[in-house]
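Work through the exercises below with the model open. Each task is followed by a stepwise solution.

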Amino acid sequence: MCTFRAIVIEKNDTSQIVGLKDFSEADLMDGDVTFRVTHSTVNYKDGLALTGKAPVVRRFPMIPGIDGAGVVEASGHPDFRVGDQVILNGWGTGETHLGSYAEKSRVKGDWLVPLPAGLTPAEAMAIGTAGYTAMLSVLALEKHGLQPSDGPVIVTGAAGGVGSVAIALLAKAGWHVIASTGRAEEADYLRSLGAAEIIDRNELSGPMRPLGKERWIAGIDAVGSHTLANVLSMTRYGGAVTACGLAQGMDLPASVAPFILRGVSLLGIDSVMCPKPRRLEAWARLATDLDREKLGQITTTIHLENVITAGHDIIVGKVQGRLVVDIE
Ligand code: NDP
């Protein structure tokens with residue numbers, strides 16, 4: 001019987017049990033491409049799955065891991081051949097379909113993106129869903145017609161994965177980036193990524209005023225709740241804010257005032273079911289626009305053995321930047 005190493009989540013009557021074990025290849029789920037996973041990463045959602053803090057996993061046993069990169073071993077899909085390097089983000093992997101904290105994965109070829117020229121699999125996972133979501137957010141601001149000469153942009157959850165990549169991308173494009181963080185000790189790190197100003201997240205996380213002083217023309221929010229409501233209330237006339245995350249909370253205790261009095265727009269960002277053409281656009285832009293030195297600077301490499309601990313760390317906000325899981 002062929003087996004491979006994988007992190008597996010099982011469930012009994014009262015709790016979930018997570019461990020690194022051998023998994024049978026015969027138990028892989030349906031798909032027309034099988035690939036050798038060489039790298040993965042740990043996102044906030046992976047932390048939720050690994051700790052069981054939110055009901056992310058909807059099938060047991062589950063191999064968590066919403067992101068993977070690797071090399072095709074077998075393919076019945078016209079776009080992929082044996083030896084091709086591929087990236088996988090989302091589509092329910094690690095939630096309803098076996099994910100990427102494993103040496104092997106079998107998925108629908110339609111879910112895969114070819115590794116863009118110029119990126120290594122490790123770099124693609126340093127970017128991961130967090131970085132690709134940051135890029136989707138930047139694209140959304142651009143499609144709204146906003147540009148650096150229009151004014152400053154605020155990034156919330158700045159020292160996290162989405163925030164760190166967003167700052168690097170925006171600064172490289174010429175934006176004046178205001179980084180909102182709860183970790184004052186990360187100020188040098190955020191400046192090195194390109195943040196021009198740093199504000200304490202407490203300025204934004206309290207009760208919302210319907211309209212505040214106009215401080216930025218754009219925002220990328222990974223935090224939700226009061227923070228997003230306050231970001232909206234301080235957005236300049238005609239500006240836009242993208243919402244991708246819920247690190248503070250799922251709620252949005254906001255007022256319609258910014259929308260109806262300042263023409264502010266709230267742009268939703270979903271990475272999981274995002275259509276393939278937009279994924280390809282985002283990955284192509286990441287390959288050309290993201291400074292590799294900065295990416296290296298925000299990345300820490302771990303191994304499958306460290307993933308469960310990392311999942312706990314990311315949930316309590318102890319992870320800086322991005323984690324790459326080296327599975328080779
Ligand atoms: P990280 O944990 O790396 O970053 C989240 C950051 O949010 C933290 O580093 C911290 O930043 C800040 N934060 C944490 N707790 C609070 C709090 N209580 N109040 C205010 N700020 C807080 O996660 P990711 O960057 O990977 O993901 C960010 C969010 O985006 C998550 O909610 C995630 O689920 C979501 N997401 C959504 C996607 C989508 O498709 N829509 C895709 C990817 C992520 P600091 O220390 O700087 O204050």
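**Exercise 1. Which domains does the assignment give the protein chain, and what does their contact involve?**

Solution.
- Start with the bounds. In this predicted model, the assignment gives domain 1 (3-115 + 298-326) and domain 2 (129-268).
- Next, take the spacing. The C-alpha centres of domain 1 and domain 2 are 29 Å apart.
- Then count the contact. Domain 1 supplies 13 residues and domain 2 supplies 13 residues.
- Add the area. About 900 Å² is buried between domain 1 and domain 2, with 53% of it on carbon and sulfur atoms.
- Finish with charge pairs. Between domain 1 and domain 2 there are 0 salt bridges.

**Exercise 2. Place the largest pocket relative to the domains, and describe its lining.**

Solution.
- Get the volume: about 1300 Å³ for the largest pocket.
- List the lining. It has 49 residues, and Tyr44, Ala222, Gly245, Leu246 and Ala247 lie nearest the pocket centre.
- Map the elements. Those giving two or more residues include α1 (44-51), α2 (121-143) and β15 (322-326).
- Sort by class: 24 nonpolar, 19 polar and 6 charged residues.
- Conclude. Domain 1 and domain 2 both give residues to this lining, so the largest pocket lies between them.

**Exercise 3. Which element gives the largest share of the lining of the second largest pocket?**

Solution.
- Note the space: the second largest pocket holds about 160 Å³.
- Read the lining. Among its residues are Leu136, Lys143, Asp270 and Arg278.
- Assign the share. α2 gives the largest share, 4 residues.
- Check the classes: 6 nonpolar, 1 polar and 3 charged residues.

How values were computed
Residues are numbered from 1 along each chain as its sequence is written. This is a predicted model: local features need pLDDT of at least 70, side-chain atom pairs count only at pLDDT 80 or more; totals for chains, interfaces and linings use all residues. Side-chain values use heavy atoms; hydrogens and water are left out. On a 1 Å grid over the protein atoms alone, a cavity is a set of points where a 1.4 Å probe fits but cannot get out, and a pocket is an open set with protein on both sides within 12 Å along at least five of seven lines; lining residues have an atom within 4 Å of a point. Grid points are joined across faces, edges and corners, and a volume is the space filled by probe spheres set on the points. Ala, Val, Leu, Ile, Met, Phe, Trp, Tyr, Cys and Pro count as nonpolar, Asp, Glu, Lys and Arg as charged, and the others, Gly among them, as polar. Domain bounds come from an automatic or database domain assignment. Contact means heavy atoms within 4.5 Å. Buried area is the accessible area (1.4 Å probe) that two parts lose on being put together, summed over both. A salt bridge is a side-chain nitrogen of Lys or Arg within 4 Å of a carboxyl oxygen of Asp or Glu.
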